[in-house]
Amino acid sequence: MDSQVMVALALSLVGGLSTSIGALFVILCQTPNLKMLGLLQGFAAGLMLCISFLDLAHNAINSIGFLKGNLWFFGGVVFFGIIANFIPEPTLTSSLDVKSKKKNGDQGGKDIMKKHRRQVLFSGIITAIGISLHNFPEGMAVFLGSLKGIRVGINLAVAIALHNIPEGVAVALPIYYATQR
């Protein structure tokens with residue numbers, strides 16, 4: 001195989017495997033509670049949004065123009081809104097149901113916690129599927145950019161790698177919280 005193709009594959013691999021760094025961070029930390037889960041998920045989401053707005057949107061507007069860049073951006077927002085309608089929302093049991101179960105001698109607290117963990121696991125699986133679908137075109141971009149020029153490939157690989165670390169946190173955190181493993 002051509003050496004340029006091997007370098008392009010290696011750079012794509014570096015970008016993709018950096019998601020594991022975020023997951024490793026979650027595994028090495030103590031088991032998170034619900035408050036820490038929310039805090040770290042919010043941090044990961046905020047970091048990814050920051051990168052999208054300050055770097056990716058800016059580059060897209062410079063490359064294809066203000067109008068086209070914004071049309072594609074808001075087209076993506078509308079597309080995501082349509083897709084989000086098809087994802088079922090889990091419902092939480094009200095606190096009145098928990099109190100009534102405890103009065104009746106039922107183990108309501110344990111059942112509610114089990115249900116919360118199952119919902120968090122479902123959230124983690126949905127996030128993993130979404131990020132997996134999202135990472136495929138990123139890998140293609142790094143690969144094709146590397147074929148265009150090594151400098152372009154390295155810049156893309158570093159940007160994607162930094163972007164993928166909080167994605168690893170966003171996937172690993174709910175799954176680790178829900179399974180306690």
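# Notebook: pocket, core and ring pair

I started with the largest pocket: 48 residues line it, and Leu49, Ser52, Phe80, His134 and His163 are the ones nearest its centre. The model is a predicted one. For the volume of this largest pocket I noted about 2000 Å³.

Next I looked up which helices build the lining. Helix H3 (34–64), helix H4 (66–84), helix H6 (108–148) and helix H7 (150–179) each give at least two residues to the lining of the largest pocket. H3 has the largest share, with 14 residues. I also sorted the lining by class and recorded 30 nonpolar, 14 polar and 4 charged residues.

**Overall fold.** I read the chain from end to end and found 7 helices and 0 strands. The pattern along the sequence is α-α-α-α-α-α-α. The chain has 181 residues, and 26% of them are buried. For contacts I took pairs with a separation of 6 or more; of these, 84% join residues 24 or more positions apart.

**Nonpolar core.** Which residues have the most contacts inside the largest nonpolar core? I noted Val26, Leu37, Ala44, Val120, Ala170 and Leu173, in a core of 16 residues. H3, H6 and H7 each supply at least two residues of this core. H7 holds the largest share of this core, 8 residues.

I then followed Ala170, one of the core residues just listed. Leaving out residues up to four places away in sequence, Ala170 touches Gln41, Ala44, Met48, Thr127 and Ile131. Ala44 is also on the list of core residues with the most contacts.

**Thr127.** From the contacts of Ala170 I moved to Thr127. Thr127 sits in helix H6. Is Thr127 buried or partly exposed? Its relative accessible area is 21%, and the cut-off for buried is under 20%, so Thr127 counts as partly exposed. With residues up to four places away in sequence left out, Thr127 touches Ala170 and Val171. I also took the C-alpha to C-alpha distance from Thr127 to Ala172: 9.4 Å in space, for two residues 45 apart in sequence.

**Leu24.** I made a second long-range check at Leu24, which is in helix H2 (residues 19–28). How many residues apart in sequence are Leu24 and Gly168? They are 144 residues apart in sequence, and their C-alpha atoms are 8.2 Å apart in space. The relative accessible area of Leu24 is 47%, so I entered Leu24 as partly exposed.

**Aromatic rings.** I searched the whole structure for aromatic pairs and found 1. Why is the pair of Phe73 and Phe74 edge-to-face? The ring centres are 4.9 Å apart and the planes stand at 80 degrees; planes over 60 degrees apart count as edge-to-face, so the pair gets that label. I then checked the accessibility of both partners. Phe73 has 34% relative accessibility and so counts as partly exposed. Phe74 has 48% relative accessibility, so Phe74 counts as partly exposed too.

Technical notes: Residues numbered from 1 in each chain as written. Predicted model: local features only at pLDDT ≥ 70, side-chain atom pairs only at ≥ 80, totals over all residues. Heavy atoms only, no water. 1 Å grid on protein atoms, 1.4 Å probe; cavity = no way out; pocket = protein on both sides within 12 Å on 5 of 7 lines; lining within 4 Å. Points joined across faces, edges and corners; volume = space filled by probe spheres on them. Helix = DSSP H or I, 4+ residues; strand = E, 2+ residues; numbered from the N terminus. Nonpolar A, V, L, I, M, F, W, Y, C, P; charged D, E, K, R; others polar. Core = buried A, V, L, I, M, F, W, Y, C linked by side-chain atoms within 4.5 Å. Buried < 20%, exposed > 50% of the residue type's maximum accessible area, 1.4 Å probe, protein only. Contact = heavy atoms within 4.5 Å. Phe/Tyr/Trp six-rings, centres within 6.5 Å; stacked < 30°, edge-to-face > 60°.
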